[in-house]
Amino acid sequence: MNLFFCSCFFFMIIFSTSSAYDPLDPNGNITLKWDIMSWTADGYVATVTMNNFQIYRHIQNPGWTLGWAWAKKEVIWSMVGAQTTEQGDCSKFKGNVPHCCKKIPTVVDLLPGVPYNQQFSNCCKGGVVGAWGQDPSSAVSQFQVSVGLAGTTNKTVKLPKNFTLLGPGPGYSCGPAKIVPSTVFLTTDKRRKTQALMTWNVTCTYSQFLARKHPSCCVSFSSFYNDTITPCPSCACGCENKKSCVKADSKILTKKGLNTPRKDNAPLLQCTHHMCPVRVHWHVKTNYKDYWHDTGMFFGTKFYNDLLMEAGPSGNVQSEVLLQKDEKTFTFKQGWAFPRKVYFNGDECMLPPPDAYPFLPNSARGNLASLWTLSLTVLLLVVFISSL
């Protein structure tokens with residue numbers, strides 16, 4: 001059975017109840033930069049660079065999809081490192097036929113392993129782009145495009161309009177293209193500077209509300225001082241898919257090739273009471289000394305726990321975290337030891353209501369006076385199942 005990769009993960013916890021905006025990454029964005037490198041007989045050759053300046057949110061499989069509307073009657077003669085999903089109607093061209101004649105082209109990255117003559121720097125990763133805060137070297141994607149019928153000077157070239165970015169689903173909104181100072185490049189020997197003939201930028205920002213109607217993850221709680229396990233809220237991620245989800249004992253799970261992505265890249269969802277593709281379980285394991293800060297950010301360790309596989313035994317990652325606390329103000333009362341917000345891959349997860357948190361029993365308060373350390377065991381479960 002092929003593995004369904006949920007890509008590298010991390011989550012962040014904030015022990016505060018006030019947040020009028022995204023407190024994790026208020027300045028994060030994805031910037032598209034177009035550098036015209038040379039003029040052609042009827043247009044130009046440009047390098048398009050996508051930089052993910054978000055601290056924590058990466059673009060995971062099946063990757064980004066970029067679109068725009070041409071300002072005039074431009075065509076794409078050729079591309080290196082990417083391709084359009086449709087060629088469009090190029091019947092008016094005789095001899096050389098453009099790569100794409102659509103007024104609104106849709107561009108995707110090439111897959112790994114394409115022939116060398118189709119590759120470009122930072123391309124061919126299936127559209128997967130890392131987060132800047134996690135790995136700057138993987139937070140860039142590039143391709144080259146040769147545009148025709150476009151004008152051959154800075155004054156005759158018109159900037160594309162209405163940029164759209166899927167990463168891989170909705171959630172990003174892009175502003176208009178803006179001309180900026182030409183990008184300066186350093187030669188390989190670092191002794192000479194060259195610059196683009198013309199450069200424009202497009203900035204795309206993310207909103208969880210645009211991405212989906214419901215959360216994409218939920219949180220359950222347990223503790224060493226209470227036998228109660230607080231589950232994810234029912235229908236935390238919406239129950240619209242109750243009829244199309246897959247039960248844990250379904251025979252379809254034994255079918256060969258189940259985890260091969262479908263053409264629409266829509267994964268199957270395992271039937272649960274919460275109907276979330278990802279569940280985070282937070283367990284307070286032991287009591288220790290000192291105090292913790294109000295915010296924590298955690299990334300999976302590469303090659304060890306940065307990938308979540310398909311549902312089942314392979315679909316969980318577990319870590320232990322030691323956090324400090326102020327012994328003068330710390331208390332287990334009212335569920336203080338649990339977070340008020342949990343984010344997975346940058347999206348806020350649905351938490352149980354505060355009155356359902358595991359509380360400290362009255363009979364246990366005296367026994368805990370001599371205990372000093374707090375240890376957290378965090379278990380992340382994935383109930384995604386990639387489909388045929």
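## Histidine 281 and its serine partners

The side chains of histidine 281 and serine 220 are joined by a polar contact of 2.7 Å, and the side chain of histidine 281 also makes a polar contact with the side chain of serine 222, again given as 2.7 Å. These values, like those that follow, come from a predicted model. Histidine 281 belongs to strand β18, which runs over residues 278–288, and with a relative accessible area of 12% histidine 281 is buried.

The loop that lies between β17 (268–269) and β18 holds methionine 275. The phi angle of methionine 275 is near 60 degrees, which is a positive value in a residue other than glycine, and methionine 275 is buried, its relative accessible area being 2%.

## Salt bridges

A search of the whole structure finds 5 salt bridges. One of them joins arginine 57 to aspartate 347, with the closest N and O atoms 3.4 Å apart. Arginine 57 sits in the loop between β3 (44–52) and β4 (65–69), while aspartate 347 is in strand β22 (residues 347–348), so this pair ties together parts of the chain that are 290 residues apart in sequence. Both arginine 57 and aspartate 347 are buried, and a network of salt bridges links Arg57, Arg212 and Asp347.

A salt bridge is also found between glutamate 348 and lysine 341, whose side chains meet at 3.2 Å, taken from N to O. Glutamate 348 counts as partly exposed, with 27% relative accessibility, whereas lysine 341, at 11% relative accessibility, counts as buried. Aspartate 35 and lysine 33 form a salt bridge as well, in which the closest N and O atoms are 3.7 Å apart; aspartate 35 has a relative accessible area of 1% and is therefore buried, since buried means under 20%.

## A patch of positive charge

On the surface, a patch of positive charge is formed where Lys72, Lys73, Lys92, Lys103, Lys158 and Lys161 gather. Among them, lysine 92 is placed in the loop that lies between β6 (82–84) and β7 (106–109). With a relative accessible area of 61%, lysine 92 is exposed, because the word applies to values over 50%.

## Aspartate 135 and its surroundings

Aspartate 135 is found in the loop between β7 and β8 (140–148). Its relative accessibility of 18% means that aspartate 135 counts as buried. The side chains of aspartate 135 and serine 137 are joined by a polar contact of 2.6 Å.

Aspartate 135 can also be placed relative to tyrosine 56, a residue 79 positions away along the chain, since the C-alpha atoms of the two are separated by 9.6 Å.

## Cis peptide bonds

Where in the chain do cis peptide bonds join asparagine and glycine to a proline? One cis bond joins asparagine 61 and proline 62, with omega at about 15 degrees, and proline 62 has its place in the loop between β3 and β4. Arginine 57, described above for its salt bridge with aspartate 347, lies in that loop between β3 and β4 too.

The other cis bond runs from glycine 167 to proline 168, where omega is near -10 degrees. Glycine 167 lies in the loop between β9 (161–166) and β10 (172–174), and proline 168 is placed in the loop between β9 and β10 as well. Glycine 167 is buried, with a relative accessible area of 14%, and its C-alpha atom is separated by 9.2 Å from that of valine 129, which is 38 residues away along the chain.

## Leucine 149 and its backbone

What is the sign of phi in leucine 149, positive or negative? Phi of leucine 149 is near 55 degrees, a positive value in a residue other than glycine. Leucine 149 is found in the loop between β8 and β9, and at 36% relative accessibility leucine 149 counts as partly exposed.

As background to the backbone details in this report, most residues other than glycine have a negative phi, and most peptide bonds are trans. Against that background stand the positive phi values of leucine 149 and methionine 275, together with the cis bonds that lead into proline 62 and proline 168.

Notes: Residues are numbered from 1 along each chain as its sequence is written. This is a predicted model: local features need pLDDT of at least 70, side-chain atom pairs count only at pLDDT 80 or more; totals for chains, interfaces and linings use all residues. Side-chain values use heavy atoms; hydrogens and water are left out. Patches are made of residues with over 30% relative accessible area and no salt bridge: like charges are joined within 9 Å, nonpolar side chains (Val, Leu, Ile, Met, Phe, Trp, Tyr) within 5 Å. Accessible areas come from the Shrake-Rupley method with a 1.4 Å probe; for residues, only the protein chains shown count as cover. A salt bridge is a side-chain nitrogen of Lys or Arg within 4 Å of a carboxyl oxygen of Asp or Glu. Lys and Arg count as positive and Asp and Glu as negative; His and the chain ends are not counted. The place of a charge is taken as NZ of Lys, CZ of Arg, CG of Asp or CD of Glu. Helices (H or I, at least four residues) and strands (E, at least two) are DSSP runs, numbered from the N terminus. Buried means under 20% relative accessible area, exposed over 50%, partly exposed in between (1.4 Å probe, protein chains only). A polar contact is a pair of N or O atoms within 3.5 Å; within protein, one must be able to donate a hydrogen and the other to accept it, and residues adjacent in sequence count only if both atoms are side-chain atoms.
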